[in-house]
Amino acid sequence: MFRNSLLTLTALTGLGIALSGGPARGQGADKASFTKLELPTTTRTAVTALKTGEAPFVKAAARKVLDEMMQYYVEKLTHPYMFSQAQDFRAAADLEFDKLVTQFQYFVIVPEVSKTYTVEQSEYLAEFGDAFVTAFKPVIEGNPERIVRMNVTRLLGVAAKSGAPAFGTYLTTLLGNANTAPEIKFYGFKAAEGLLAAHPASGTKGPAHSLKPADLAALLKAIESNIFNPTQVMSFPPGVDPKQPPPELAAVVVYLRREAIRAYAQVRLPEVKANGQVVALPAYTLARVAMSDPALTPAATPAEVAEAVIGLCGMDAGEAMMFDAAADVVGTGVITFAKLRNASPTDKSIPWKLYAARLGSAVTAWKATLKNVAPNRAPQDGNEVADKAVGDVLAPIEGTGSKRTINLEALERTLTALRNKPTRSKTLFRNDPTTAIDKFGAGR
């Protein structure tokens, strides 16, 4: 885990974000005082009983032990020995942060669709999230050491996988703030990725989420602001046009924006409704990225297009999405990805085969969703595009399947035939002109 983070930090530093302000205060701090900080056995036992549902949930008592536990982690993460060790680049086995994360993960419930959870466990999960935010929000926003703020945001990513509502509220504020430091946003997007992928602890099957619809929509809006507004991602020096920044700053925007898109793509709902009203259209946001909306500045990269297509294919069918339009989006995204790959096949910054494999898997899985879609929503068009996208384009890039030559023309012909159909929907959602797709798209 830590070595991966070092690679991330190195990349961000190379993109112009200085993550270190010199040696951390207290470097070489006394290890003995750090080691003495231990989670009391009584607290560990009490929290474990709440997590497993073996103890009755009494809010005041539960909050007391959760606050005690969170305070322990605050003290460990802010201790000088913790962050001074990180700057020593020690072997992974010796890193206290990794040990701390392993210990912390034990107390996190990551709901699974196939499991049943008690009411007490659901209450524990919600209180756990609130206790975490209460304890760590001041650290993320006010601790003087950047490495401490980053480590805590990384721990937030572990906790957010629980889907606890408090994380939605806090991440909406954190990611929606243009003044949030880029490195904090990076790990904030990772936390949002885990949160948006979470299932409710009720064990509900399907696309339901633990966040209330209005809260889910607010979080999506905050993430979306980072996708389409470069000044939301980072600040720019005076005189620099955020829509046409120099290459080194454009690289920073794209690096962080990709994480925002990947987080956003975890949403399983194509549309979000609150009180019967549509409050967010995640499918259309991803369609804009997949079809290279000119509003994306700098222009969408192959990785971003791929992440958007993968997210769209992973969504529930919904009630109003039209799959001839969705097929156009998916096919256009695959063509854009493949053309960019053909233009720069030796570009090692993009793992082409890995992305082709992920795309192929997502598009293939999408066909299972199409099986339950009514004929008047054109699922057959989705199937035709999926077959051509995988068989003629993605499998050859990946190096699998019976074909070894990329045949973009076959997929393009399929899309042309689809677009020429008199009955084709020109909007992603039925009769919703705000979701028109013909104004976008490479290959138009």
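Two residues are in contact when heavy atoms of theirs lie within 4.5 Å. The exercises below concern a predicted model.

**Exercise 1.** State which residues Leu 428 touches, leaving out those up to four places away in sequence.

*Solution.* Step 1: apply the contact cut-off of 4.5 Å between heavy atoms. Step 2: set aside residues up to four places away in sequence. Step 3: list what remains, namely Ala 283, Tyr 284, Ala 287, Ala 320, Met 321, Met 322, Ala 325, Ala 326, Thr 435 and Ile 437.

**Exercise 2.** Describe the largest nonpolar core and identify the helix that supplies the largest share of it.

*Solution.* Step 1: the largest nonpolar core has 140 residues. Step 2: Leu 428 is among the residues with the most contacts inside this core, together with Phe 104, Phe 128, Phe 136 and Phe 167. Step 3: helix H16, residues 323-343, contributes ten residues, the largest share of the core. As background, nonpolar side chains tend to be buried together in soluble globular proteins.

**Exercise 3.** Compare the expected span of helix H13 with the distance between its end C-alpha atoms, and determine how enclosed the helix is.

*Solution.* Step 1: helix H13 covers residues 247-264, which is 18 residues. Step 2: the expected span is 1.5 Å times one less than the number of residues, and for H13 this gives 26 Å. Step 3: the end C-alpha atoms of H13 are 25 Å apart, which agrees. Step 4: 13 of the 18 residues of H13 are buried, so the helix is largely enclosed by the rest of the structure.

**Exercise 4.** Carry out the span check for helix H15, and state what covers its buried residues.

*Solution.* Step 1: the twelve residues of H15, 302-313, should span 16 Å at 1.5 Å a residue. Step 2: the end C-alpha atoms of H15 are 17 Å apart, in agreement with that value. Step 3: twelve of the twelve residues of H15 are buried; among them are Glu 304 and Glu 307. Step 4: the cover over these buried residues includes H13, H14 (282-290), H16 and H17 (352-370).

**Exercise 5.** Locate Glu 127 and decide whether it is buried or exposed.

*Solution.* Step 1: Glu 127 lies in helix H7, residues 119-142. Step 2: a residue counts as buried under 20% relative accessible area. Step 3: Glu 127 has a relative accessible area of 7%, and therefore it is buried. Step 4: apart from neighbours within four places in sequence, Glu 127 is in contact with Phe 57, Lys 59, Arg 63 and Leu 66.

Definitions and conventions. Residues are numbered from 1 along each chain as its sequence is written. This is a predicted model: local features need pLDDT of at least 70, side-chain atom pairs count only at pLDDT 80 or more; totals for chains, interfaces and linings use all residues. Side-chain values use heavy atoms; hydrogens and water are left out. A nonpolar core is a set of buried Ala, Val, Leu, Ile, Met, Phe, Trp, Tyr and Cys residues joined through side-chain atoms within 4.5 Å. Buried means under 20% relative accessible area, exposed over 50%, partly exposed in between (1.4 Å probe, protein chains only). Helices (H or I, at least four residues) and strands (E, at least two) are DSSP runs, numbered from the N terminus.
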